[in-house]
Amino acid sequence: MELDSVEQKTIRSGIPGLDELLGGKGFPEGSVTFIVGGPGTGKTTFGLQYLCSGAEVGEFGVYICLDENLNSILGHSAALGLNVYGYSKEGKISLVDSSPPSPNAAKALKFLRSPQTSLSTLLHTISSATKGVGYPLRPAKRVVIDSLATLILQFPGDAERRLAIKGIIDTVRPLKCTTLLLSELSHSSSDRAYAFEEYLADGILLMRDLTTPQTSDHSFSVEKMRGIPHDKRLHPYRIARGGLTVFSNEIIDY
Ligand SMILES: Nc1ncnc2c1ncn2[C@@H]1O[C@H](COP(=O)(O)OP(=O)(O)OP(=O)(O)O)[C@@H](O)[C@H]1O
Ligand SMILES: [Mg+2]
């Protein structure tokens with residue numbers, strides 16, 4: 001086989017400005033990427049925008065919601081002007097609610113105390129939801145899991161947590177879906193410690209709120225992306241109606 005014929009296939013992120021940081025092309029097809037950010041930095045917006053842009057070009061997707069419930073997600077996407085509801089009605093995005101049973105505190109606690117059950121339920125949900133999206137059923141090309149926060153709370157030990165995340169990655173890899181795992185960042189410092197599970201992923205994108213009393217800055221960086229040359233610098237980004245935009249021509253010195 002000639003080397004030219006094994007060129008990496010890519011999937012467009014759908015975020016204006018981001019593909020420029022990813023070798024000009026987007027995510028390597030079939031890759032698993034952590035989108036890491038603090039509260040309110042735009043992780044959910046990123047995931048929904050990624051799925052909408054796929055739906056537009058016939059790359060169907062699955063959104064698995066582990067923390068917020070689907071009504072809240074649909075409200076959020078409508079406020080941003082993202083057509084998640086429309087695409088889900090057309091069968092181009094499959095919305096799966098795996099959020100904990102919040103109205104009942106006893107049930108919610110039971111859920112937190114049964115990590116193995118919730119992990120195996122999640123793995124089963126991923127496998128079945130990605131097999132077929134829409135009518136007629138077509139395999140999903142894009143998957144978003146929003147977010148790993150509760151699952152990580154259920155597996156507080158490093159070793160168990162790493163195994164749980166490995167279970168998710170091992171489940172999505174053979175499906176050949178390009179997957180985003182949304183994950184929390186506990187602090188916004190530039191010298192953040194890597195979580196063990198991040199070593200398992202192909203990519204890590206970091207969204208930081210660098211707001212100070214003097215400035216309001218959000219920075220976006222590609223910390224890692226296996227298989228493609230990428231820009232590692234910090235770039236500003238903005239959330240507005242329509243979603244996220246990364247300003248790939250501007251650099252933040254931090
Ligand atoms: N229509 C809008 N215009 C501008 N900004 C918006 C709009 N809707 C939401 N936002 C901004 O988007 C941010 C929330 O984004 P999002 O929910 O995607 O973040 P997140 O990282 O998923 O948050 P969480 O940690 O709570 O899950 C809010 O901080 C808000 O400022
Ligand atoms: Mg969110």
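This note sets out numbered points on the predicted model shown above.

1. Overall composition. The protein contains eight helices and eleven strands. Of its 254 residues, 41% are buried. Among contacts with a separation of 6 or more, 69% are between residues 24 or more positions apart.

2. Strand β4. All five residues of β4, which spans residues 61-65, are buried, so the strand is largely enclosed by the rest of the structure. In a regular strand, side chains alternate between the two faces of the sheet. In β4 both faces are covered: Gly-61, Tyr-63 and Cys-65 are buried on one side, and Val-62 and Ile-64 are buried on the other.

3. Neighbours of β4 in the sheet. β4 runs parallel to β5, to which five bridges join it. Five bridges also join β4 to β6 (residues 142-146), and this pair is likewise parallel. Tyr-63 illustrates both pairings: Leu-95 stands opposite it in β5, and Val-144 is its bridge partner in β6.

4. Ser-99 and its surroundings. Ser-99 is placed in the loop that connects β5 (93-97) with α5 (105-112). This residue counts as partly exposed because it has 18 C-beta neighbours inside 10 Å, where 20 or more would make it buried. Apart from neighbours within four places in sequence, Ser-99 is in contact with Cys-65, Leu-66, Asp-67, Glu-68 and Asn-69. Of these contacts, Cys-65 is one of the buried residues of β4. The C-alpha atom of Ser-99 is also separated by 9.7 Å from that of Ser-147, although the two residues are 48 residues apart along the chain.

5. Cis peptide bonds. Two peptide bonds deserve inspection in the viewer. The bond from Asp-146 to Ser-147 is cis, with omega near -10 degrees; Ser-147 belongs to the loop between β6 and α7. The bond from Tyr-135 to Pro-136 is also cis, with omega near -5 degrees, and Pro-136 lies in the loop between α6 and β6.

6. Helix α6. This helix comprises 17 residues, 115-131, and reaches 25 Å from its first C-alpha to its last, close to the expected 24 Å. Its buried residues are Ser-118, Leu-122, Ile-126 and Thr-130. Because they cover an arc of only 80 degrees around the axis, they are on the same side of α6. The other side of α6 carries the exposed residues Gln-116, Thr-117, Ser-120, His-124 and Ser-128.

7. Helix α8. The 15 residues of α8 (residues 158-172) should span 21 Å at 1.5 Å a residue, and the end C-alpha atoms are 21 Å apart, which agrees. Arg-161, Ala-164, Ile-165, Ile-168 and Val-172 are buried in this helix. They cover an arc of only 90 degrees around the axis and therefore fall on the same side of α8. Ala-159 and Asp-170, on the other side of α8, are exposed. The cover over the buried residues of α8 includes β3 (32-37), α6, β6, α7 (149-154) and β7 (178-184).

8. Lys-176. The loop between α8 and β7 contains Lys-176. Its phi is positive, at about 60 degrees, although Lys-176 is not a glycine. Lys-176 is partly exposed because 13 other C-beta atoms lie within 10 Å, against the limit of 12 or fewer for an exposed residue.

9. The β10-β11 hairpin. β10 pairs with β11 (residues 243-246) in the antiparallel sense over four bridges. Within this pairing, Leu-244 in β11 is the bridge partner of Ile-239. The two strands form a hairpin with two residues between them, and Gly-242 in the turn has a positive phi of about 105 degrees.

10. Ligand 1. The shell around ligand 1 consists of 14 residues, of which the closest are Pro-39, Gly-40, Lys-43, Thr-44 and Thr-45. The elements that contribute two or more residues to this shell are α2 (43-56), α3 (70-80) and β10 (235-240). By class, the shell has five nonpolar, seven polar and two charged residues. β10 thus appears in two settings: it contributes to the shell around ligand 1, and it pairs with β11.

Technical notes. Residues numbered from 1 in each chain as written. Chains lettered and ligands numbered in written order. Predicted model: local features only at pLDDT ≥ 70, side-chain atom pairs only at ≥ 80, totals over all residues. Contact = placed C-beta atoms within 7 Å. Near = placed C-beta within 6 Å. Nonpolar A, V, L, I, M, F, W, Y, C, P; charged D, E, K, R; others polar. Pairing = 2+ DSSP bridges. Expected span 1.5 Å × (residues − 1). Arc of directions from axis to C-beta.
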